[in-house]
Amino acid sequence: MKVSIVVAADITEADEVQRLLATAGIESSLEPVETEGAAIASDGPCRVLVAADQQESAMAALRADAEADEDADGW
């Protein structure tokens with residue numbers, strides 16, 4: 001079973017999340033937000049999905065990346 005871990009604003013943001021997850025060894029897939037079963041639109045929001053047993057690891061990877069960004073920004 002797959003679960004949604006984040007809703008990306010567009011395909012570019014979703015790709016960034018997928019790259020981050022891949023670096024952490026976590027496979028992911030995308031699903032459009034608007035229409036169930038539709039193909040991924042290049043300009044609309046989409047969910048990033050991971051296997052349910054990798055949800056905690058995926059969230060930890062996203063948090064670690066966000067914290068690294070905050071440290072880099074000096075906040």
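A nonpolar core here means a set of buried Ala, Val, Leu, Ile, Met, Phe, Trp, Tyr and Cys residues joined through side-chain atoms within 4.5 Å. Keep that in mind for the first close-up; everything below comes from a predicted model.

**View 1. The largest nonpolar core gathers 12 residues.** The members are Val3, Ile5, Ala8, Ala14, Val17, Leu21, Ile26, Cys46, Val48, Val50, Ala58 and Leu62. At least two of them come from each of strand 1, helix 1 (11–23), strand 3 and helix 2 (55–73). That fits a familiar trend: in soluble globular proteins, nonpolar side chains tend to be buried together. Zoom in on Leu62 and, once you skip its neighbours within four places in sequence, you'll find it touching Ile5, Val17, Leu20 and Leu21.

**View 2. The whole chain, for orientation, has 2 helices and 3 strands.** Read from the N terminus, the elements go β-α-β-β-α. Of the protein's 75 residues, 25% count as buried. If you take the contacts with a separation of 6 or more, 61% of them link residues 24 or more positions apart. On the outside, the protein exposes about 5000 Å², and 48% of that is supplied by carbon and sulfur atoms.

**View 3. Three strands make an open sheet in the order 1-3-2, with antiparallel pairing.** Strand 1 and strand 2 sit at the edges with a single partner strand each, so one side of each has no neighbour in the sheet. From one strand to the next, the twist averages 35°. As for what holds such an arrangement together, strands of a sheet pair through backbone hydrogen bonds, either parallel or antiparallel. Helix 1 lies across strand 1, strand 2 and strand 3, and it runs at about 160° to strand 2.

**View 4. Strand 3 pairs with strand 1 and also with strand 2.** On one side, strand 1 (residues 2–8) is joined to strand 3 by 6 bridges, and the two run antiparallel. Look for Ala8 here: its bridge partner in strand 3 is Cys46. Both of these residues also turn up in the core of View 1. Strand 2 pairs with strand 3 over 5 bridges, again in the antiparallel sense. Two of the matches to pick out are Leu30 with Val48 and Ser28 with Val50.

**View 5. Ser28 and Gln18 are joined through their side chains.** Ser28 lies in strand 2. The polar contact between the Ser28 and Gln18 side chains is 3.1 Å. Leaving out neighbours within four places in sequence, Ser28 is in contact with Gln18, Leu21, Val48, Leu49 and Val50. Val50 is also the bridge partner of Ser28 in strand 3, while Leu21, Val48 and Val50 are among the core residues.

**View 6. Gly44 is a buried residue in a loop.** The loop in question runs between strand 2 (28–32) and strand 3 (46–51). Why does Gly44 count as buried? Its relative accessibility is 9%, and the cut-off for buried is under 20%. Part of its surroundings comes from elsewhere in the sequence: Gly44 and Asp10 are 34 residues apart along the chain, yet their C-alpha atoms are 5.0 Å apart in space. Setting aside neighbours within four places in sequence, the contacts of Gly44 are Ala9, Asp10, Ile11 and Glu34.

How values were computed. Residues are numbered from 1 along each chain as its sequence is written. This is a predicted model: local features need pLDDT of at least 70, side-chain atom pairs count only at pLDDT 80 or more; totals for chains, interfaces and linings use all residues. Side-chain values use heavy atoms; hydrogens and water are left out. Helices (H or I, at least four residues) and strands (E, at least two) are DSSP runs, numbered from the N terminus. Buried means under 20% relative accessible area, exposed over 50%, partly exposed in between (1.4 Å probe, protein chains only). Contact means heavy atoms within 4.5 Å. Accessible areas come from the Shrake-Rupley method with a 1.4 Å probe; for residues, only the protein chains shown count as cover. Two strands pair if DSSP finds at least two bridges between them. Axes are lines fitted to C-alpha atoms, for helices over the stretch in contact, and angles run from 0 to 180 degrees between N-to-C directions. A polar contact is a pair of N or O atoms within 3.5 Å; within protein, one must be able to donate a hydrogen and the other to accept it, and residues adjacent in sequence count only if both atoms are side-chain atoms.
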